[in-house]
Amino acid sequence: MYSDNVVLCVSNAYEQKYYFNPDFQALPQSIQDELHVMCVMYTVEIGGIFQLYFDVDGNLEMTTEALDADAMYDDIGGALRIKQLQQEKRELFESLEMFYKVFFLGEDLEGEES
């Protein structure tokens, strides 16, 4: 069904905008809200553009980027913040990956290893 990366959500500090992919409206509102707060807070603290997306294998990835002229963007802080989010939100991210693999990629969870 999907042969490329699929964006879940993006926050952009330059345009002060947040985007949530409407294909994921089936997620509970509390999860959508948590993603919204997490993404916006990232760009408030670090700057730049922060994106969560699913790769072709269904893994949830996080990327950040900045304009070349953005002297306020914190490269090191951005990488550290992503590592912190990966630890703090591990359960949420694993659940989102499972949701994506089942409902978007059509995988069967019975054959998965624990």
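Glu 107 is partly exposed, with a relative accessible area of 34%. On this scale, buried means under 20% relative accessible area, exposed over 50%, and partly exposed in between, using a 1.4 Å probe and protein chains only. Glu 107 sits in the segment after α3. Its C-alpha lies 21 Å from that of Pro 28, and the two are 79 residues apart in sequence.

A word on the ground rules. This is a predicted model, where local features need pLDDT of at least 70 and side-chain atom pairs count only at pLDDT 80 or more, while totals for chains, interfaces and linings use all residues. Residues are numbered from 1 along each chain as its sequence is written, and side-chain values use heavy atoms, with hydrogens and water left out. Helices (H or I, at least four residues) and strands (E, at least two) are DSSP runs, numbered from the N terminus.

**Helix α3 and Phe 99**

Let's step back into α3 itself, residues 90-103. At 1.5 Å a residue, its 14 residues should span 20 Å, and the end C-alpha atoms are 20 Å apart, so the two agree. The expected span here is 1.5 Å times one less than the number of residues.

Which residues of α3 are buried? They are Leu 92, Phe 93, Leu 96, Glu 97, Phe 99, Tyr 100 and Lys 101. These pack against β1 (6-12), α1, β3 (49-54), β4 (60-65) and α2 (75-88). Contact means heavy atoms within 4.5 Å.

Phe 99 is one of that buried set, with a relative accessible area of 17%. Leaving aside neighbours within four places in sequence, Phe 99 is in contact with Phe 24, Ala 26, Leu 27 and Phe 104. Take Phe 24: it is 75 residues from Phe 99 along the chain, yet their C-alpha atoms are separated by 9.7 Å.

**How α1 meets its helix partners**

Two packed helices are described by the angle between their axes and the distance between the axes. Axes here are lines fitted to C-alpha atoms, for helices over the stretch in contact, and angles run from 0 to 180 degrees between N-to-C directions.

The axes of α1 (residues 29-45) and α3 come within 12 Å and cross at roughly 120°. That makes α1 oblique to α3. For the angle classes, under 35 degrees counts as roughly parallel, over 145 as roughly antiparallel, 65 to 115 as roughly perpendicular and the rest as oblique. The α1 crossing with α3 is left-handed; a crossing gets that label if the near helix is turned anticlockwise from the far one by less than a right angle, and is right-handed if clockwise. On the α1 side the contact is made by Ile 31, Glu 34, Leu 35 and Met 38, and on the α3 side by Leu 92, Phe 93 and Leu 96. By class, this contact has 6 nonpolar, no polar and 1 charged residues. Ala, Val, Leu, Ile, Met, Phe, Trp, Tyr, Cys and Pro count as nonpolar, Asp, Glu, Lys and Arg as charged, and the others, Gly among them, as polar.

What about α1 and α2? Their axes come within 11 Å and cross at roughly 155°. That makes α1 roughly antiparallel to α2, and the crossing is right-handed. Met 38, Tyr 42 and Glu 45 of α1 make this contact with Gly 78, Arg 81, Ile 82 and Leu 85 of α2. The class tally is 4 nonpolar, 1 polar and 2 charged residues.

**Two residues of α1**

Met 38 turns up in the contact with α3 and in the contact with α2. At 5% relative accessibility, Met 38 counts as buried. Not counting residues up to four places away in sequence, Met 38 touches Leu 52, Leu 85, Lys 89 and Phe 93. Thr 43, also in helix α1, is buried at 7%. With neighbours within four places set aside, Thr 43 is in contact with Ser 11, Asn 12, Ala 13, Gly 48, Ile 49 and Phe 50.

**Out in the loops**

Here are two loop residues side by side.

| Residue | Place | Relative accessible area |
|---|---|---|
| Gln 16 | loop between β1 and β2 (17-20) | 73%, exposed |
| Ala 71 | loop between β4 and α2 | 74%, exposed |

Gln 16 has a phi near 50°, a positive value in a residue other than glycine. Ala 71 and Gly 47 are 24 residues apart in sequence, with 9.9 Å between their C-alpha atoms.
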